[in-house]
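Here's a walk through a few helices and a pair of cysteines. Have the structure open and follow along.

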Amino acid sequence: MDIFLTVLLTALLAAPLGLLIARLYAAPASRFTAGLLRLCGVNAALGMNWRQYSAALLGTNAVLAVAAYLVLVTQGALPLNPDHIGAMRWDTALHTAASFITNTNQQHYSGQSGLSYLSQLIAIVTLQFVTPAAGMAALFAVLRGLRGQVNVGNYYLDVTRALGTLLPASLLLAVLLTSQGVPSTFSGAKTATLLQPQQVEGQAVTTQTVTTQTIPVGPVAAMVAIKQLGTNGGGWYGPNSSTPLENPTPLSNLASMVSLILFPVSLVIASGVFLNRRRFGAALLGVMTVTSVALTTGAVLAERQPNAALLGLAAPGGNMEGKEVRLGTDATALWASLTTQTSNGSVNGMHDSLNPLGGLVPQLGMFLNDVYGGIGVGMINMLVFVILTVFIAGLMVGRTPELFGRKIEVREIKLASLLILLQPALVLGFTAVTLAAPALTGNSNPGFHGLSQVLYEYNSAYANNGSGFEGLGDNTPWWNVTCAAVLILARFLPILAPLAIAGLLATKKAAPETSGTLRVDTPVFAGMLLGVMVLLQLLNFAPALVLGPVAEQLSLTQPAGAGTPAAAAPATVPATPLAPLTGAAR
């Protein structure tokens, strides 16, 4: 039922929202918007080429990142801090600023204990609005270039348009979540009396009776709304949307799942309308949907299988480790699949506790990084694969490859190829270095699963996703600095390179389409595009996946007549002592 309702509501909402966004970006600036930008010193009528657009995008993001960093390292002395939370350590603040300026929201801290209300609102929620807006703006700049416009738009106007759609949608969702019981207050933490006192061991091995519990609250609903709609992820609380404080009811769970894919799906539709090539948009949406169905089916079936470690020790049924009993395996697997098909990264269950093949699905979604994808950037990533597919198809039939009548030549292919190579270079490179130095690794599991933990963290950083195989001691200078580097490079290079490609194509004269022109809006091209996507990413990452989740699954063999699984053969990846787990359980 969760799957059916999620698909139905997304289909009903995405089409009108996509049409609205396309019309918004095709229309001239309204008087109100132009006047608002004029107050900020921006001429809304002034267009930009791709270089100027890129400079505006980088400049504004750099300023916002520095401001967020300064707030984080000084939050202890700033207002709106009723729980008296101290300043964030320099490397954690660096990673946090890099994470939220890149629309990733990868957290190496727990929000309820690591951030003041001011930090949550200024350094977190503000960036959760601005960064998806920047991704949406970049998408329409690329689309204008593909339409042949050397003037790819005005960055500041495009961001304002994006905010005009994200703000009202987030307000509506925040009100809905508040009505379901998600906290929405500026008061400090609450103290609740336990229904049943608990006996705990003190530091001196003495038993203490605990009768109260401290419950951190805050303006949680506002943050949860934009984290879902903006494909941000993250969480006010460490356990993220698995805790009832962020996700209290079946309705809040359904609304959150629809929200995390609503804008990515809408932007695929909007792209086809904006280009005046609706069949092309439908072909791309078809490729994404087929891939999404395959990944989601795999995740659901994998989590319906029992946990091998609990065979004979628990009631028959699916793998409930790391899941909310009130949600069950299907709703958790669906969320895990959808959140990694987009760059959302929020969770309603612990990915580290998924069965090996269930954990393989999020990895695949992030390696592809264009199955709906993040707001704007998912469609941009898909267009890069379109360019590569057109080039390969042109070679196969002996024609100069063309996209929308414009020739794809050496410079465009070099940029697209470098983007494809950037992902394995960063993800596999940092994974290898980290595993080679056990003192740096901080993984909580030996063998195959330990490799998966490290691979997942860098994969999540590159995909601007933010989810994680927690149990990883990632709040260290090594993890914070290296992940920050991956976050920055993986966010801005995959935006700037397609902007450059679109700018180069815009300067070329469009040739009229003939019977010999390669059509990019047919089922045949869609099938070839899907094949190129899967083949390229399998070639890049299959060995790492075989050494991680696939090998882990093969090691969980059940001997005949035995009640428990056979012990896995020792692997060469060592476990290392864990630092205190301060990272969000995402």
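Right after helix α2 comes Gly 41, with a positive phi near 85°. This is a predicted model, by the way, so keep that in mind when you look at the backbone here.

Now step back into α2 itself, which spans residues 31-39. Which of its residues are buried? Thr 33, Ala 34 and Leu 37 are. Those three cover an arc of only 100° around the axis, so they sit on the same side of α2. Follow that buried side outward and you run into α7 (155-179), which the buried residues of α2 pack against. Swing round to the face turned away from the buried side, and you'll find the exposed residues Arg 31, Phe 32, Arg 38 and Leu 39.

Next up is another helix pair: α4 (residues 90-101) and α6 (residues 117-146). Their axes come within 8 Å and cross at roughly 30°. Since angles under 35 degrees count as roughly parallel, α4 and α6 are therefore roughly parallel to each other. At the contact, α4 brings Thr 96, Phe 100 and Ile 101, which meet Ala 123, Ile 124, Leu 127, Gln 128 and Thr 131 of α6. Sort the residues of that contact by character and you get five nonpolar, three polar and no charged.

Finally, the cysteines. How many disulfides does the structure hold? Zero. Cys 40 is exposed, at a relative accessible area of 60%, whereas Cys 483 is buried, at 0%.

Terms used. Residues numbered from 1 in each chain as written. Predicted model: local features only at pLDDT ≥ 70, side-chain atom pairs only at ≥ 80, totals over all residues. Heavy atoms only, no water. Axes fitted to C-alpha atoms, helices over the stretch in contact; angles between N-to-C directions. Helix = DSSP H or I, 4+ residues; strand = E, 2+ residues; numbered from the N terminus. Parallel < 35°, antiparallel > 145°, perpendicular 65-115°, else oblique. Contact = heavy atoms within 4.5 Å. Nonpolar A, V, L, I, M, F, W, Y, C, P; charged D, E, K, R; others polar. Disulfide = S-S within 2.5 Å. Buried < 20%, exposed > 50% of the residue type's maximum accessible area, 1.4 Å probe, protein only. Arc of directions from axis to C-beta.
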